[in-house]
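The following exercises are to be worked through with the sequence and the coordinates at hand. Each task is followed by a solution in steps.

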4 protein chains.
Amino acid sequence: MSFVLTHSAYGKSRVRLTKIERHPDRHDLFEWSIDVQLTGDFALAYSVGDNRNVVATDTMKNAVYALAADGPLGSPESFALRLSQHFLTYPQVATVLIAITVDGWRRMTIAGRPHPHAFAGEGPEHRICQVLADRETRRLTSGITDMLVLKTTDSAWKDFHRDAYRTLPDTGDRILATSLTAEWTYLEEANWDSVHTQVHESLLESFASHKSLGVQHTIQVMGEAVLKAVPAVAEITLTMPNKHRIAMNLTPLGRENTNSVFLATDEPYGLITGTLRRST
Amino acid sequence: MSFVLTHSAYGKSRVRLTKIERHPDRHDLFEWSIDVQLTGDFALAYSVGDNRNVVATDTMKNAVYALAADGPLGSPESFALRLSQHFLTYPQVATVLIAITVDGWRRMTIAGRPHPHAFAGEGPEHRICQVLADRETRRLTSGITDMLVLKTTDSAWKDFHRDAYRTLPDTGDRILATSLTAEWTYLEEANWDSVHTQVHESLLESFASHKSLGVQHTIQVMGEAVLKAVPAVAEITLTMPNKHRIAMNLTPLGRENTNSVFLATDEPYGLITGTLRRST
Amino acid sequence: MSFVLTHSAYGKSRVRLTKIERHPDRHDLFEWSIDVQLTGDFALAYSVGDNRNVVATDTMKNAVYALAADGPLGSPESFALRLSQHFLTYPQVATVLIAITVDGWRRMTIAGRPHPHAFAGEGPEHRICQVLADRETRRLTSGITDMLVLKTTDSAWKDFHRDAYRTLPDTGDRILATSLTAEWTYLEEANWDSVHTQVHESLLESFASHKSLGVQHTIQVMGEAVLKAVPAVAEITLTMPNKHRIAMNLTPLGRENTNSVFLATDEPYGLITGTLRRST
Amino acid sequence: MSFVLTHSAYGKSRVRLTKIERHPDRHDLFEWSIDVQLTGDFALAYSVGDNRNVVATDTMKNAVYALAADGPLGSPESFALRLSQHFLTYPQVATVLIAITVDGWRRMTIAGRPHPHAFAGEGPEHRICQVLADRETRRLTSGITDMLVLKTTDSAWKDFHRDAYRTLPDTGDRILATSLTAEWTYLEEANWDSVHTQVHESLLESFASHKSLGVQHTIQVMGEAVLKAVPAVAEITLTMPNKHRIAMNLTPLGRENTNSVFLATDEPYGLITGTLRRST
């Protein structure tokens with residue numbers, strides 16, 4: 001009997017980088033969690049424990065902090081690209097995957113003015129990006145996770161498939177709540193920070209403004225809104241858990257529920273996804 | 001051998017209430033998690049399983065939704081007081097503890113205007129309140145949890161106790177980051193919503209503006225700021241984990257760390273608390 | 001206006017200690033998370049940032065690792081007592097609170113024999129202990145958290161209070177599931193490890209064997225079982241979330257539910273507590 | 001401008017099923033969390049909100065409970081296959097993905113005998129399985145997540161790549177700790193429960209017994225052990241976070257660390273993966 005290693009990869013996860021960049025009028029604050037994953041010529045480490053080609057994951061961590069010290073970080077996307085180039089300088093490395101999650105900090109406004117060095121934590125939304133690179137190609141994805149949004153009306157769910165297992169009635173007016181994940185790719189180089197801002201605004205605006213006929217419908221409306229608003233985006237994937245709010249039956253308690261009192265539930269939840277791109 | 005039940009209590013936790021209150025120009029949204037705990041004449045349920053006095057925790061949950069339907073919720077504090085009065089109508093109940101945690105939703109601003117029915121989730125900060133009531137007295141506490149704040153300078157930690165176990169050097173300029181919990185009591189009836197807003201502002205302003213000589217010092221400065229700014233507050237307790245950012249030693253990597261590159265850590269963490277009240 | 005600091009405390013939390021103790025035939029493994037909290041003469045640190053009395057929380061962490069290196073750990077209780085004595089050697093310290101949570105590891109059995117140095121993680125149950133000490137007194141509490149237990153029968157919930165808010169019917173046969181927390185104090189010095197084992201066994205045996213008339217009833221049965229079985233225990237507090245399993249209504253799906261198909265829910269949950277001690 | 005929906009899928013996640021199967025001598029207990037995801041002819045729901053083809057995620061949930069009631073569950077794998085067949089009876093469905101996570105319960109042993117109806121929760125390890133099926137093919141994967149294992153010796157990490165970013169020294173004797181995920185596919189129909197038991201045993205035995213030259217080496221040793229021991233397994237992927245235990249430097253505290261006192265850390269962590277299959 002013999003066996004073959006058909007896939008392997010390794011790296012460091014959750015390298016938590018904090019950086020202060022000091023300017024005359026203010027400090028800028030960056031808190032990012034960075035993951036590195038490499039593939040390449042590492043089979044001997046698996047088969048016989050020969051580690052000579054293996055860049056230790058501790059060494060990867062060191063490289064992240066060293067490169068962070070070498071100059072301004074810029075956007076997560078540009079730092080991820082820089083890190084991917086660094087790890088490709090090792091001849092034994094074939095592909096590099098860099099993923100960055102931004103822990104958001106909002107500069108405080110004190111007495112009506114932006115404070116030079118005090119920040120309040122944001123959440124739960126995170127900006128993310130990912131670079132997958134080899135020596136010929138690179139694929140950059142940007143995204144947003146955990147964008148928590150809710151609308152109290154302009155959301156229906158009706159005329160869906162009827163069969164022996166359906167018990168849910170049609171409703172013309174329900175709460176729509178989700179914790180959105182969006183990920184997009186690019187047609188071209190862009191100002192990554194601006195694109196992030198535009199996508200974010202476009203998602204909020206389209207979520208708020210349309211009349212939803214279902215989460216599937218909302219996904220297409222929101223994805224199209226982004227593609228219309230942001231020319232640099234090639235393709236966008238939206239994933240939405242349906243965070244159900246269930247209208248309470250108050251009749252046994254001698255009251256009418258005027259579609260106003262709900263139970264918020266975390267599970268089970270619907271999970272709906274869709275990917276949209278420009279048609280050619 | 002015989003045994004005695006020296007303390008008992010029971011209730012329902014995590015009753016997750018969502019309510020929409022519809023106005024001509026807008027919807028208001030409330031998402032609260034409510035805990036109820038009762039003490040009273042329930043010993044027979046423990047000793048012999050006689051449940052006749054026991055208001056089921058499911059019944060408590062029903063009461064929360066029913067009372068929520070009966071009129072506008074108002075502030076968490078006023079609804080907690082209403083719930084405590086409700087449970088004291090049961091003669092077998094001696095004390096009622098109601099705790100409410102608010103899941104924050106911020107009305108979206110779309111095209112420069114507040115949207116009538118779309119909301120974005122806030123976090124990680126939560127507004128909380130608690131009522132402990134019997135038939136003679138009631139104690140109301142309001143609070144804020146998980147207020148995540150960070151300042152990149154105006155924070156020192158030096159001249160602390162020296163002994164054989166100390167290895168940490170003095171520092172005159174470090175990052176100060178915490179996830180603050182504040183809880184306060186009242187001198188008098190107040191507009192609970194206004195007090196919450198004033199305490200929140202006062203905490204942010206004092207955190208940003210003072211020069212910290214240590215977390216203990218910061219707690220006193222912030223607590224005094226609240227007591228000065230908000231006359232209705234009798235006493236305030238501030239609890240701060242010290243969410244350490246550790247300056248990376250880049251010397252082995254051939255670089256100098258100009259107090260700008262840090263490792264963010266979650267544990268271990270310092271945990272410091274202090275309670276301040278007006279002196280008489 | 002002036003203000004007074006009425007309470008203060010500080011310390012280090014989540015000091016995660018791993019220790020290997022090597023014996024000729026085996027290694028013993030300890031993984032504990034340790035919290036330290038001190039009160040004492042620290043008011044100047046709060047009021048004016050004079051830190052000269054303040055033992056840094058980093059220094060506390062160092063002391064934990066140093067004392068762990070100085071000899072065998074013994075039980076969590078004995079190490080917590082040793083730590084409390086250490087921190088009381090500082091004259092400025094008035095009280096010390098030490099809390100230890102044990103991350104359980106079970107020695108692997110390989111080919112029918114205990115392995116000398118390989119371990120499998122246990123969970124979710126944790127052994128805990130706590131010492132609160134000053135120079136005259138000390139109070140030791142031991143405990144168990146997150147003991148997840150379930151019985152599929154011998155559990156009823158009926159004849160509870162009837163009122164306008166009750167909708168839950170009586171049931172003579174339901175699932176009883178909980179994640180138990182137990183905490184006990186001692187009448188006397190004891191073999192802490194043995195007591196932990198005896199309490200653990202006694203809780204499981206009494207949970208499994210009795211016919212529950214409600215969670216309150218189960219708490220008293222289990223608490224009495226511990227007090228009967230373990231003479232060193234003075235008082236025991238049991239706290240039980242009622243982790244509801246809700247029988248599904250399958251009638252609309254053309255099926256009968258023979259009390260066999262349930263929905264497991266995490267919230268809301270009942271939360272019931274009781275403290276029992278020997279009567280005098 | 002026009003846009004095209006290039007991918008879509010939807011379903012229900014975290015359907016938490018509890019089932020009791022009653023036998024004359026004992027109850028069997030099953031607690032599974034089930035996810036369903038469908039692809040198919042649902043584009044009109046996205047593009048124009050026409051939901052007539054859409055089987056509501058609530059309907060999916062109902063089907064899970066109904067099928068669970070229809071007969072013995074059997075293994076997670078066989079129930080997942082049954083569910084996949086059910087959802088393929090809808091003509092609009094193209095592919096079905098079913099994923100099941102088992103919440104482990106161990107029958108209690110009371111007074112030396114297995115108890116008929118009392119269970120203790122296991123963890124953190126979970127058995128999982130996944131079926132991806134269409135009308136022609138089906139792919140079944142089984143697995144184990146969160147298998148927490150640690151060895152206190154027989155683990156080295158040395159002779160790895162040297163470069164300007166390396167600071168970690170060689171070590172011949174370190175703690176190896178991980179939270180293993182294993183996923184495997186099958187060469188043939190098998191007794192899924194037996195395979196799970198055999199894989200589990202084989203992973204533990206090989207982890208404990210080999211001398212690790214690095215996590216990569218350990219992955220290959222463990223993967224080969226499974227392929228040797230379990231003929232029905234076609235291919236296995238092992239993923240291991242390296243849950244570092246860092247030896248404390250006690251020299252500044254006047255003590256020697258005899259490789260016995262460590263700091264347990266959760267992040268950053270190495271993350272290593274490898275897939276092995278039989279060579280042809």
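Two residues are in contact if their C-beta atoms, placed from the backbone, lie within 7 Å. The model is predicted: local features need pLDDT of at least 70, side-chain atom pairs count only at pLDDT 80 or more, and totals for chains, interfaces and linings use all residues. Residues are numbered from 1 along each chain as its sequence is written, while chains are lettered from A and ligands numbered from 1 in the order in which they are written.

**Exercise 1. Determine how many residues chain C and chain B each give to their contact, and describe the side of chain C.**

Step 1. Chain C contributes 65 residues and chain B contributes 65 residues.

Step 2. Helices (H or I, at least four residues) and strands (E, at least two) are DSSP runs, numbered from the N terminus. Two or more residues on the side of chain C that touches chain B come from each of strand S1 (3-22), helix H1 (43-48), helix H2 (57-69), helix H5 (215-229) and strand S12 (269-278) of chain C. The largest share, 14 residues, belongs to S1(C).

Step 3. For composition, Ala, Val, Leu, Ile, Met, Phe, Trp, Tyr, Cys and Pro count as nonpolar, Asp, Glu, Lys and Arg as charged, and the others, Gly among them, as polar. This side of chain C then divides into 26 nonpolar, 25 polar and 14 charged residues.

Step 4. Two strands pair if DSSP finds at least two bridges between them. Strand S1 (residues 3-22) of chain B pairs with S12(C) in the antiparallel sense over ten bridges, and Ser8(B) stands opposite Gly274(C).

**Exercise 2. Identify the strands that pair with S12(D), and explain why S12(D) is largely enclosed.**

Step 1. Strand S1 (residues 3-22) of chain A runs antiparallel to S12(D), joined to it by ten bridges. Within this pairing, Ala9(A) is opposite Thr273(D).

Step 2. Strand S9 (residues 233-242) of chain D is also antiparallel to S12(D), with eight bridges; here Leu238(D) faces Gly274(D).

Step 3. A residue is buried if 20 or more other C-beta atoms lie within 10 Å of its own, exposed if 12 or fewer, and partly exposed in between. Strand S12 (residues 269-278) of chain D has eight of its ten residues buried, so the rest of the structure largely encloses it.

**Exercise 3. Describe the span and the covering of helix H2 (residues 57-69) of chain B.**

Step 1. The expected span of a helix is 1.5 Å times one less than its number of residues. H2(B) has 13 residues and reaches 19 Å from its first C-alpha to its last, close to the expected 18 Å.

Step 2. Eleven of the 13 residues are buried, among them Met60(B), Val64(B), Tyr65(B) and Leu67(B).

Step 3. The cover of these buried residues includes strand S11 (261-264) of chain A; S1, strand S2 (27-40) and helix H3 (76-87) of chain B; and strand S9 (233-242) and S12 of chain C.

**Exercise 4. Establish where Gly104(A) lies and whether its setting is buried or exposed.**

Step 1. Gly104(A) belongs to the loop between strand S3 (93-102) and strand S4 (105-110) of chain A.

Step 2. With 16 other C-beta atoms within 10 Å, Gly104(A) is partly exposed.

Step 3. Beyond its neighbours within four places in sequence, Gly104(A) is in contact with Glu122(A), Gly123(A), Glu125(A), His126(A) and Arg127(A). Arg127(A) is 23 residues away in sequence and 7.7 Å away in space, C-alpha to C-alpha.
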